[in-house]
Every structure is written in structure tokens, then in C-alpha cells.
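Trainee: Please take me slowly through the charged pairs of this model and the places around them, with one connected account that I can follow on the structure.

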Amino acid sequence: MAERGITSEVVGFAPEERDPTLSTRAARLKWVIVVNEGLPAGRAVNAAVCAAATTSSAVTGLLGEDAVDADGCAHPGLPWAGCSILVADAATLRAVRSRAAAADGCFVADMPSAAQHTRVYADYLHTVKESRAEDLDYYAVSIVGPRNRVDKIVGRLPLMP
């Protein structure tokens with residue numbers, strides 16, 4: 001199965017699918033972020049947040065409406081369908097990314113290790129451009145897709161402790 005990489009295929013929820021009264025397990029799409037288990041906590045959180053930022057802006061209908069507290073203060077909407085943070089070793093993470101990128105109907109955002117080893121975004125872009133896909137190491141991979149497909153891709157990876 002050839003890896004597709006970035007696709008123009010739109011992955012997301014239609015307005016009529018968004019139902020905040022249902023369990024997250026009832027959502028048609030599932031969102032997981034798999035993080036390299038060998039990272040120190042700060043780098044792992046940074047990698048997951050960066051992958052989540054890309055995902056939340058690219059996947060339609062992922063974020064719920066703002067919550068308003070009793071004092072009238074708004075709290076920006078969160079992912080109404082949930083997001084599980086899983087861990088895997090570096091080789092498994094690379095394989096998960098490859099399977100997800102090749103799967104129909106899945107959105108994939110990744111954070112190559114180069115992102116945390118450069119301080120200038122243009123340097124990051126240059127480093128990735130000079131690297132072959134199979135040589136990239138990943139610190140996090142975010143996947144949104146049909147629940148059964150995502151479950152097959154991530155298997156029984158454990159939740160981040």
C-alpha cells in the first residue's frame with residue numbers, strides 16, 4: 001500500500017453530526033494522537049499540542065461550541081468527540097503514521113523530530129525537505145478517521161501514563 005501523504009480529501013463532521021449530548025464513542029470519527037514514548041514529558045506534551053493544533057484547524061466540526069460559565073465568561077470550545085493520547089516506541093510510531101497516511105478517509109498530522117531541534121521555522125522546513133520520508137523520526141502523529149479504521153491503525157497502543 002503506497003503512502004498518500006497530504007491529501008486534499010476533507011475529513012470532518014457535518015453540522016448535523018455534531019451532537020454534544022452523546023458519548024464520545026458514538027461519534028463517527030475518532031481522534032487519537034500517538035506520542036513517542038521515549039520523550040521527556042515536556043517534549044511529549046509539546047509534540048502532542050503541535051499535532052493537535054494542526055488537526056483542530058484542518059478537521060471540520062471537531063471543536064464544540066464555547067462553554068459559558070455562570071458569570072457569563074466564555075471558554076473556547078473543546079473537541080466534543082474527544083481525543084485519546086497514546087504512546088508508542090519510535091519504530092511503531094513510524095509504522096502507525098505510514099498506515100494512517102495510506103488509509104482512506106483519515107486525516108494525518110505529524111510532528112517530525114526536526115521541529116524540536118530547530119529554532120527557526122525556515123530551518124525546520126529545510127531539514128524536512130532534505131530528508132527522505134523513511135528517514136524522518138516522529139515525535140507525535142495525530143489521526144482522525146472512521147472509528148474502526150483508526151482502531152485498526154493504532155491497535156492496542158496504551159494511553160499515555
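Mentor: Aspartate 110 is partly exposed in this predicted model, because its relative accessible area of 27% falls between the 20% under which a residue is called buried and the 50% over which it is called exposed. The side chain of aspartate 110 shares a salt bridge with arginine 97, and the closest N and O atoms of the two are 2.6 Å apart. The pair connects distant parts of the chain, for arginine 97 belongs to helix H2 (residues 90–102) and aspartate 110 to strand S5 (residues 107–112), with their positions 13 residues apart in sequence. Arginine 97, with a relative accessible area of 11%, is buried, whereas its partner aspartate 110 is partly exposed.

By the rule used here, there are five salt bridges in the model, and two others can be followed in the same way. One joins the side chains of arginine 28 and glutamate 17, with 2.4 Å from N to O. Both of these residues lie in the segment before S1, so this salt bridge ties together parts that are eleven residues apart in sequence. Arginine 28 is partly exposed at a relative accessible area of 43%, and glutamate 17, at 28%, is also counted as partly exposed. Another salt bridge is formed by arginine 132 and glutamate 134, whose closest N and O atoms are 1.9 Å apart. Here arginine 132 counts as exposed, at 53% relative accessibility, while glutamate 134 counts as partly exposed, at 44%.

From the charged pairs we can turn to two polar residues in strands. Serine 142 sits in strand S6 (residues 138–146) and is buried, its relative accessible area being 0%. Its side chain makes a polar contact of 2.6 Å with the side chain of threonine 55. If neighbours within four places in sequence are set aside, the residues in contact with serine 142 include Trp31, Val32 and Ile33, together with Ala51 and Thr55, and also Phe107, Val108 and Ala109.

Asparagine 36 belongs to strand S1, and at 12% relative accessibility it counts as buried. The side chain of asparagine 36 reaches the backbone nitrogen of glycine 38 at a distance of 2.7 Å. Beyond its neighbours within four places in sequence, asparagine 36 is in contact with residues including Ala88, Ala90 and Leu93, as well as Tyr138 and Tyr139.

Strand S1 also leads to the second largest pocket, since S1 (29–36) and helix H4 (147–154) each supply at least two residues of its lining. Rolling a probe the size of a water molecule over the atoms shows where empty space is left. In the second largest pocket this space comes to about 160 Å³. Among the residues that line the pocket are Thr24, Arg25, Lys30 and Trp31, then Ala81, Gly82, Cys83 and Ser84, and finally Arg147 and Asp151. Sorted by class, this lining holds four charged residues, three polar ones and three nonpolar ones. Trp31 deserves a second look as you move around the model, for this residue lines the pocket and is also in contact with the buried serine 142.

Technical notes:
Residues numbered from 1 in each chain as written. Predicted model: local features only at pLDDT ≥ 70, side-chain atom pairs only at ≥ 80, totals over all residues. Heavy atoms only, no water. 1 Å grid on protein atoms, 1.4 Å probe; cavity = no way out; pocket = protein on both sides within 12 Å on 5 of 7 lines; lining within 4 Å. Points joined across faces, edges and corners; volume = space filled by probe spheres on them. Helix = DSSP H or I, 4+ residues; strand = E, 2+ residues; numbered from the N terminus. Nonpolar A, V, L, I, M, F, W, Y, C, P; charged D, E, K, R; others polar. Salt bridge = Lys/Arg side-chain N within 4 Å of Asp/Glu carboxyl O. Buried < 20%, exposed > 50% of the residue type's maximum accessible area, 1.4 Å probe, protein only. Polar contact = N/O pair within 3.5 Å; in protein donor to acceptor, adjacent residues only side chain to side chain. Contact = heavy atoms within 4.5 Å.
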